[in-house]
Amino acid sequence: MQNTTLQVQGMSCGHCVASIEGAMKNLGATAKVDLANKSVTVSYDETQVSLDKIKAAIEDQGYDVN
């Protein structure tokens, strides 16, 4: 398993957390969202999903990944 922390702009509430966690679950990954630090820590199997797909899934939810 790979763990990566991404800086994500635009998150502000519980809906944001649920949206990102749901998108990661659909990819077979898990996410821990930290609203205060504007970060998302993602745990994923790099043989199953790429970091680019993870970033794209977060961006598809309406957030900016730095």
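Ala57 counts as buried in this predicted model. Its relative accessibility is 12%, which is under the 20% cut-off and therefore places Ala57 in the buried class. Ala57 belongs to helix H2. Beyond four places in sequence, its contacts are Ala23, Met24 and Leu27. Ala36 offers a contrasting pair: it lies 21 residues from Ala57 in sequence, and the two C-alpha atoms are 21 Å apart in space.

Helix H2 spans residues 51-60. Its buried residues are Ile54, Ala57 and Ile58. These three lie on the same side of H2, because they cover an arc of only 100° around the axis. An α-helix has 3.6 residues a turn, so residues three or four places apart point the same way. The face turned away from the buried side carries Asp52, Lys53 and Asp60, which are exposed. The buried residues of H2 pack against four elements: strand E1 (2-9), helix H1 (14-27), strand E3 (39-44) and strand E4 (64-65). Gly62 follows H2 and has a positive phi, near 105°.

Two packed helices are described by the angle between their axes and the distance between the axes. For H1 and H2, the axes come within 9 Å and cross at roughly 140°. The crossing of H1 past H2 is right-handed. On the H1 side, the contact is made by Ile20, Ala23, Met24 and Leu27. On the H2 side, Lys53, Ile54, Ala57 and Ile58 take part. By class, this contact has 7 nonpolar residues, no polar residues and 1 charged residue. Lys53 thus appears in two roles: it is on the exposed face of H2, and it is also a member of the contact with H1.

The largest nonpolar core has 20 residues. Within this core, Val8, Ile20, Met24 and Ile58 touch the most other members. E1, H1, strand E2 (30-34), E3 and H2 each supply at least two residues. H1 gives the most, with 5 residues. Ile20 and Met24 also serve in the contact of H1 with H2, as does Ile58 from the H2 side.

Ile20 reaches several parts of the chain. Leaving aside neighbours within four places in sequence, Ile20 is in contact with Val8, Met11, Ala31, Val33, Val40, Ile58 and Tyr63. Val8 and Ile58 in that list are also among the core residues that touch the most other members.

Val8 sits in strand E1. Its relative accessible area is 0%, so Val8 is buried. Outside the four-place window in sequence, Val8 is in contact with Ile20, Lys38, Ser39, Val40, Ile58, Tyr63, Asp64 and Val65. Val33 is 25 residues away from Val8 along the chain, and their C-alpha atoms are separated by 9.3 Å.

Gln7 is also found in strand E1. It counts as partly exposed, at 37% relative accessibility. Apart from neighbours within four places in sequence, Gln7 is in contact with Asn37, Lys38, Ser39, Asp64, Val65 and Asn66. The Gln7 and Ser39 C-alpha atoms are separated by 4.5 Å, although these residues are 32 apart along the chain. Lys38, Ser39, Asp64 and Val65 appear among the contacts of Gln7 and among those of Val8.

Lys38 lies in the loop between E2 and E3. Its phi is near 55°, a positive value in a residue other than glycine. Lys38 is partly exposed, with a relative accessible area of 37%. Its contact partners include Val8 and Gln7.

Asn26, found in helix H1, counts as exposed at 70% relative accessibility. In sequence, Asn26 and Tyr63 are 37 residues apart; in space, their C-alpha atoms are 17 Å apart. Tyr63 is in contact with Ile20 and with Val8.

Methods. Residues numbered from 1 in each chain as written. Predicted model: local features only at pLDDT ≥ 70, side-chain atom pairs only at ≥ 80, totals over all residues. Heavy atoms only, no water. Buried < 20%, exposed > 50% of the residue type's maximum accessible area, 1.4 Å probe, protein only. Arc of directions from axis to C-beta. Contact = heavy atoms within 4.5 Å. Core = buried A, V, L, I, M, F, W, Y, C linked by side-chain atoms within 4.5 Å. Axes fitted to C-alpha atoms, helices over the stretch in contact; angles between N-to-C directions. Left-handed = near helix turned anticlockwise from the far one by under 90°. Nonpolar A, V, L, I, M, F, W, Y, C, P; charged D, E, K, R; others polar.
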